[in-house]
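Q: I have a structure to go through before I set up some calculations. Could we take it step by step?

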Amino acid sequence: MSVLPIVQFPNEILSTVCAPVESITDEIKTLAADMAQTMYEAPGVGLAAPQVGKSIRMIVVDVSEEKDCLLTLVNPVITEVSEELICGEEGCLSLPGIWEKVERHAEVTVEYSDLQGQKQTVHAHGLLAVCLQHEIDHLDGKVFVDHLSRLKYDRACAKLKKRRQQEKRC
């Protein structure tokens, strides 16, 4: 397994709708393992393929404290959402240091294929539901700041730019 470089916002791939995975090959399985390693090392709770430069519909998530509940979802689709919404702070490995409140559905049902090509369904609530929505957004060319008002979006982008300029000086 390898740690992959994480694509930084506003890279064009982060605003591109990803292509479906046509078949689960050894290359896809290796990419999934590398994505998981990258997510754990970052550290994060989710990572989408476009965040490592691959414009395909695959995500990895693990919201467990022990980091032992890895889910790899190929071609995930949200099929049901709750009416109840929750608002919580979100961050993103592609926008390091930026945290903003985002409203999401409290519960979601997601259909996907696992790495053996078997159809699966996960019903999630709380942090897992938020994480799945966040990562699936990446597959649709959206980052979490796209859910903000224009003022908050601009403020987040300015903060990110300032942070990157400070990092260059060090």
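**Cysteines, fold and selected residues**

A: In this predicted model, the sulfur of Cys157 has its closest cysteine sulfur in Cys92, 12 Å away, which is too far for a bond.

Q: What about Cys18, and which cysteine sulfur is closest to it?

A: For Cys18 the closest cysteine sulfur is again in Cys92, at 13 Å, and that is too far for a bond. A pair would have to lie within 2.5 Å to count as a disulfide.

Q: How many disulfides does the structure hold, then?

A: The structure holds zero disulfides.

Q: Is Cys18 buried or exposed?

A: Cys18 is buried, as its relative accessible area is 5%. Cys157 has a relative accessible area of 22% and is therefore partly exposed; the cut-off for buried is under 20%.

Q: Changing topic: how many helices and strands are there in the protein chain?

A: The protein chain contains three helices and seven strands. Their order along the sequence is α-β-β-β-β-β-β-β-α-α.

Q: And what is the radius of gyration of the protein chain?

A: The protein chain has a radius of gyration of 16 Å. This agrees with a compact globule of 170 residues, for which a value near 15 Å would be expected.

Q: What does the C-alpha trace span along its principal axes?

A: The span of the C-alpha trace is about 45 × 40 × 30 Å.

Q: What share of the residues is buried?

A: Of the 170 residues in the protein chain, 44% are buried. The protein chain exposes about 9,400 Å², and 51% of that area comes from carbon and sulfur atoms.

Q: What share of the contacts comes from residues 24 or more positions apart?

A: Among contacts with a separation of 6 or more, such residues account for 64%.

Q: I will need the charges too. How many positive and negative side chains are there?

A: The protein chain has 18 positive and 26 negative side chains. The centres of these two sets are 12 Å apart.

Q: Now some single residues. Where does Gln51 lie?

A: Gln51 is in the loop that joins β1 (46-48) to β2 (58-61).

Q: Does Gln51 count as buried or exposed?

A: Gln51 counts as buried, because its relative accessibility is 1%.

Q: Which residues is Gln51 in contact with, leaving aside neighbours within four places in sequence?

A: With those neighbours left aside, Gln51 is in contact with Pro5, Ile6, Val7, Leu14, Cys92, Leu93, Ser94, Glu135 and His138. Cys92, named earlier as holding the cysteine sulfur closest to that of Cys18, is thus one of the contacts of Gln51.

Q: Next, Leu85: where is its place?

A: Leu85 is in strand β4, which covers residues 85-90. Leu85 has a relative accessible area of 40%, so it is partly exposed.

Q: What does Leu85 contact beyond its neighbours within four places in sequence?

A: Leu85 is in contact with Glu103, Arg104, His105 and Ala106. In addition, the C-alpha atoms of Leu85 and Glu107 are separated by 8.3 Å, with these positions 22 residues apart along the chain.

Q: Finally, where is Leu70 found?

A: Leu70 is found in the loop between β2 and β3 (71-81). Its relative accessibility is 39%, so Leu70 counts as partly exposed.

Q: And what does Leu70 touch, not counting residues up to four places away in sequence?

A: Leu70 touches Ala36, Met39, Tyr40, Val60, Val61 and Asp62. For Val60, ten residues apart from Leu70 along the chain, the C-alpha separation is 6.9 Å.

Key
Residues are numbered from 1 along each chain as its sequence is written. This is a predicted model: local features need pLDDT of at least 70, side-chain atom pairs count only at pLDDT 80 or more; totals for chains, interfaces and linings use all residues. Side-chain values use heavy atoms; hydrogens and water are left out. Helices (H or I, at least four residues) and strands (E, at least two) are DSSP runs, numbered from the N terminus. The radius of gyration is taken over C-alpha atoms; the globule rule is 2.2 Å times the number of residues to the power 0.38. Buried means under 20% relative accessible area, exposed over 50%, partly exposed in between (1.4 Å probe, protein chains only). Contact means heavy atoms within 4.5 Å. Accessible areas come from the Shrake-Rupley method with a 1.4 Å probe; for residues, only the protein chains shown count as cover. Lys and Arg count as positive and Asp and Glu as negative; His and the chain ends are not counted. The place of a charge is taken as NZ of Lys, CZ of Arg, CG of Asp or CD of Glu.
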